[in-house]
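The following paragraphs offer a guided reading of one protein model, with attention to charged side chains and to a pocket. Please view the sequence and the structure together before reading on.

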Amino acid sequence: MSSDTGIGSETPERERTGNAVVNWMEGLSEAAYAYLLLIPSFLLLAFIAFYPLLMTFVMSLREDRTRGAETLGGFVGVENYVDVLTGDVRLAQQFLDVSLTASFPFVDFGVPLLQQALFVTLGFAVISVFFETVFGFGQALILDQEFRGRRWVRVAIILPWAVPIVIQGMIFFLLFQPEVGFGTDLMQWLGLFGPNPLADSGDAFVIVLVADIWKSTAFMALLILAGLQSVDRSLYDVARVAGASPWQRFKLITLPLILPALLVAMLFRTMDAMRVYGLIESSVGCTTVPSLTCMVVEAMFGGTRIFGTAAAVAFMTALVIGLFISVYIALFRDTEAGFY
């Protein structure tokens with residue numbers, strides 16, 4: 001009898017415990033319940049994304065070892081970061097000798113990283129994303145209209161996006177190769193480029209910008225077009241009846257409603273632009289237009305193979321990208337709250 005009573009007493013206890021959990025979950029708000037269901041995804045994302053970032057930071061705190069079987073030495077703290085920021089980095093001499101002060105539109109800070117890789121990356125990201133957004137917006141507005149042959153226009157706009165990065169880089173490399181492509185003669189005739197633009201930092205930077213804008217504008221156009229087609233068309237009819245001009249319809253209806261999609265598109269393009277490497281290396285070369293990713297690759301796979309320094313530059317690049325993402329998230333939060 002005593003054993004039966006014990007078993008019977010466990011069942012209500014389990015039921016009470018289960019009911020308490022159910023009641024607690026039912027008391028959660030919709031947002032809290034959604035976050036609860038997303039916990040496994042967050043844990044998986046933390047393992048996939050943040051664990052490599054953490055290991056990169058740990059690597060950046062260890063000494064470079066260029067000799068022997070071991071690639072990393074002992075703990076040196078932030079010494080690698082100090083070396084990178086002060087210019088005391090043992091990269092290949094040809095990588096550090098790129099002169100940007102004469103032909104490059106950036107301020108001379110006297111620090112190799114700030115003078116070269118960081119400002120090349122920031123300048124490339126800001127300028128390319130700006131023009132890709134403007135041109136992509138225009139293409140999306142055109143594709144959002146009904147006209148004959150719209151399908152073929154869409155194919156023509158999307159086609160550059162389908163070109164692989166290496167092929168894209170080789171196209172522009174051959175286009176501006178002296179005595180091979182017509183781009184050099186044309187730009188030199190216009191007085192914009194020198195005789196060998198692939199060897200000039202300023203000219204090569206413009207070439208990389210044009211190549212990226214040519215390819216990635218289609219990506220922006222597609223995302224913005226998706227936002228445009230989600231807008232309720234009856235709003236435009238009401239605005240026309242009220243006498244709103246095309247500019248007023250764009251300002252008061254189109255822009256506010258597609259702004260979240262626009263910011264998401266800019267966020268993805270900015271993250272991609274901050275990691276630019278393949279386009280530069282396959283077109284003008286990292287020794288002419290050095291980016292942060294070029295610096296990481298040179299430090300890790302160049303002649304010196306300084307893994308600690310490469311990890312430091314990679315972690316700093318991640319911090320810069322994270323700063324840009326934070327700005328976009330803040331803007332996106334404002335749009336969701338009705339700030340615009």
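**Salt bridges and the largest pocket**

Arg 269 is buried, with a relative accessible area of 2%. The model is a predicted one, and this arginine is a useful place to enter it. Arg 269 forms a salt bridge with Asp 272, and their closest N and O atoms lie 2.7 Å apart. The two residues are three positions apart in helix 12, so about one helical turn separates them. Unlike the buried Arg 269, Asp 272 counts as partly exposed, at 34% relative accessibility. The pair belongs to a wider arrangement: salt bridges with shared partners join Glu 132, Asp 212, Arg 269, Asp 272 and Arg 275 into one network.

In total, the structure holds six salt bridges. One of them is formed by the side chains of Asp 144 and Arg 233, with an N to O distance of 2.8 Å. Asp 144 lies in the loop between helix 6 (112-143) and helix 7 (150-158), while Arg 233 lies in the loop between helix 10 (201-229) and helix 11; the contact therefore ties together parts that are 89 residues apart in sequence. Asp 144 is buried, with a relative accessible area of 12%, whereas Arg 233 is partly exposed at 37%.

A further salt bridge is found within helix 11, where the side chains of Asp 237 and Arg 240 meet at 3.1 Å, N to O. Here too the spacing along the helix is three residues, so the partners are separated by about one helical turn. Both ends of this bridge are partly exposed: Asp 237 has a relative accessible area of 42%, and Arg 240 has a relative accessibility of 47%.

Some of these residues appear again at the largest pocket. What is the volume of this pocket? The value is about 350 Å³. Thirteen residues line the pocket, and the closest to its centre are Asp 144, Gln 145, Tyr 236, Arg 240 and Thr 254. Two elements give two or more residues to the lining, namely helix 11 (234-241) and helix 12 (246-274). Helix 12 gives the most, with four residues. By residue class, the lining divides into six charged, five nonpolar and two polar residues.

The pocket and the salt bridges can thus be read together. Asp 144 and Arg 240 are among the residues closest to the pocket centre; Asp 144 is also the salt-bridge partner of Arg 233, and Arg 240 that of Asp 237.

Notes
Residues are numbered from 1 along each chain as its sequence is written. This is a predicted model: local features need pLDDT of at least 70, side-chain atom pairs count only at pLDDT 80 or more; totals for chains, interfaces and linings use all residues. Side-chain values use heavy atoms; hydrogens and water are left out. On a 1 Å grid over the protein atoms alone, a cavity is a set of points where a 1.4 Å probe fits but cannot get out, and a pocket is an open set with protein on both sides within 12 Å along at least five of seven lines; lining residues have an atom within 4 Å of a point. Grid points are joined across faces, edges and corners, and a volume is the space filled by probe spheres set on the points. Ala, Val, Leu, Ile, Met, Phe, Trp, Tyr, Cys and Pro count as nonpolar, Asp, Glu, Lys and Arg as charged, and the others, Gly among them, as polar. A salt bridge is a side-chain nitrogen of Lys or Arg within 4 Å of a carboxyl oxygen of Asp or Glu. Buried means under 20% relative accessible area, exposed over 50%, partly exposed in between (1.4 Å probe, protein chains only).
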